[in-house]
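Take a first walk through this structure. The route goes from helix pairs to the core, and then to single residues.

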Amino acid sequence: AIAGHLRSKDVRDGLSAQHLSDTLYGFAKFTCQDTALLDLLSIEARRRLHVMDVPLLSSVLASIAKAGVSSSVLTNRATAQLRRLPPEEVDLTTRDEL
């Protein structure tokens, strides 16, 4: 039921970056096998990269990896975004936040 609901572009558009991260974490934790849905959610994550901080971005990438989804575009864009951050913003992130 939730997976079907999340296939709607309007529903996915209404998710905040935090809600998207939480959704990906839940699907990864409970080993969701719906690769088409996970691909849609990874596309949404890519669209929201600009509003994600380091801990949120780390969580999204870890969840996508745990779910077994390969998204080189998301990974490359996330890497580019992290490289643009000032070093002090990245260095202030604690191990617990990662």
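Are α3 and α5 roughly parallel or roughly antiparallel to each other? The model here is a predicted one. In it, α3 and α5 pack at an angle of about 30 degrees. Angles under 35 degrees count as roughly parallel, and α3 and α5 are therefore roughly parallel to each other. Their axes lie 8 Å apart. The crossing of α3 past α5 is left-handed.

Look at the residues that make this contact. From α3 come A17, Q18, S21, L24, Y25, A28 and K29. From α5 come L56, S59, V60, S63, I64 and K66. By class, the contact of α3 with α5 has seven nonpolar, four polar and two charged residues.

L56 is a good place to pause. This residue sits in helix α5. Its relative accessible area is 10%. Buried means under 20%, so L56 counts as buried. Which residues does L56 touch, leaving aside neighbours within four places in sequence? They are A17, Q18 and S21. A different pairing gives a sense of scale. L56 and Q33 are 23 residues apart along the chain, and their C-alpha atoms are separated by 23 Å.

Now turn to α3 and its other partner, α4. Helix α3 covers residues 17–29, and α4 covers 35–47. The two pack at an angle of about 150 degrees, with axes 10 Å apart. Angles over 145 degrees count as roughly antiparallel, and α3 and α4 are therefore roughly antiparallel to each other. Their crossing is left-handed. On the α3 side, L20, T23, L24 and F27 make the contact. On the α4 side, the residues are L37, L38, L41, E44 and A45. This contact of α3 with α4 divides into seven nonpolar, one polar and one charged residues.

Between these two helices runs a loop, and T31 lies in that loop. What is the phi of T31? The value is positive, about 45 degrees, although T31 is not a glycine. Exposed means over 50% relative accessible area. T31 has 53%, so this residue is exposed.

The next helix pair is α5 with α6. Helix α5 spans residues 54–66, and helix α6 spans residues 72–84. They pack at an angle of about 160 degrees, and their axes are 12 Å apart. α5 and α6 are therefore roughly antiparallel to each other. Once again, the handedness can be read from the crossing: α5 passes α6 in a left-handed one. V54, L57, L61 and I64 in α5 meet L74, A78 and L82 in α6. The residues of this contact of α5 with α6 are seven nonpolar, no polar and no charged.

With the helix pairs in place, move to the core. How many residues does the largest nonpolar core have? The number is 20. Inside this core, L24, F27, A45 and M52 have the most contacts. Four elements each give two or more residues to the core: α3, α4, α5 and α6.

F27 is worth a closer look. Not counting residues up to four places away in sequence, F27 touches I2, L6, C32, L37, L38 and L41. Of these, L37, L38 and L41 also appeared in the contact of α3 with α4.

Next comes S42, in helix α4. Is S42 buried or exposed? Its relative accessibility is 4%, so S42 counts as buried. Beyond its neighbours within four places in sequence, S42 is in contact with I64, V69, S71 and L74. Two of those names are familiar. I64 and L74 also belong to the contact of α5 with α6.

The last stop is L49, in the loop between α4 and α5. Its relative accessible area is 5%, so L49 is buried. Which residues does L49 touch, not counting those up to four places away in sequence? They are L57, L74, R77, A78 and Q81. Among them, L57, L74 and A78 take part in the contact of α5 with α6. L49 can also be placed relative to A17. The two are 32 residues apart along the chain, and their C-alpha atoms are separated by 8.1 Å.

Terms used: Residues numbered from 1 in each chain as written. Predicted model: local features only at pLDDT ≥ 70, side-chain atom pairs only at ≥ 80, totals over all residues. Heavy atoms only, no water. Axes fitted to C-alpha atoms, helices over the stretch in contact; angles between N-to-C directions. Parallel < 35°, antiparallel > 145°, perpendicular 65-115°, else oblique. Left-handed = near helix turned anticlockwise from the far one by under 90°. Contact = heavy atoms within 4.5 Å. Nonpolar A, V, L, I, M, F, W, Y, C, P; charged D, E, K, R; others polar. Buried < 20%, exposed > 50% of the residue type's maximum accessible area, 1.4 Å probe, protein only. Core = buried A, V, L, I, M, F, W, Y, C linked by side-chain atoms within 4.5 Å.
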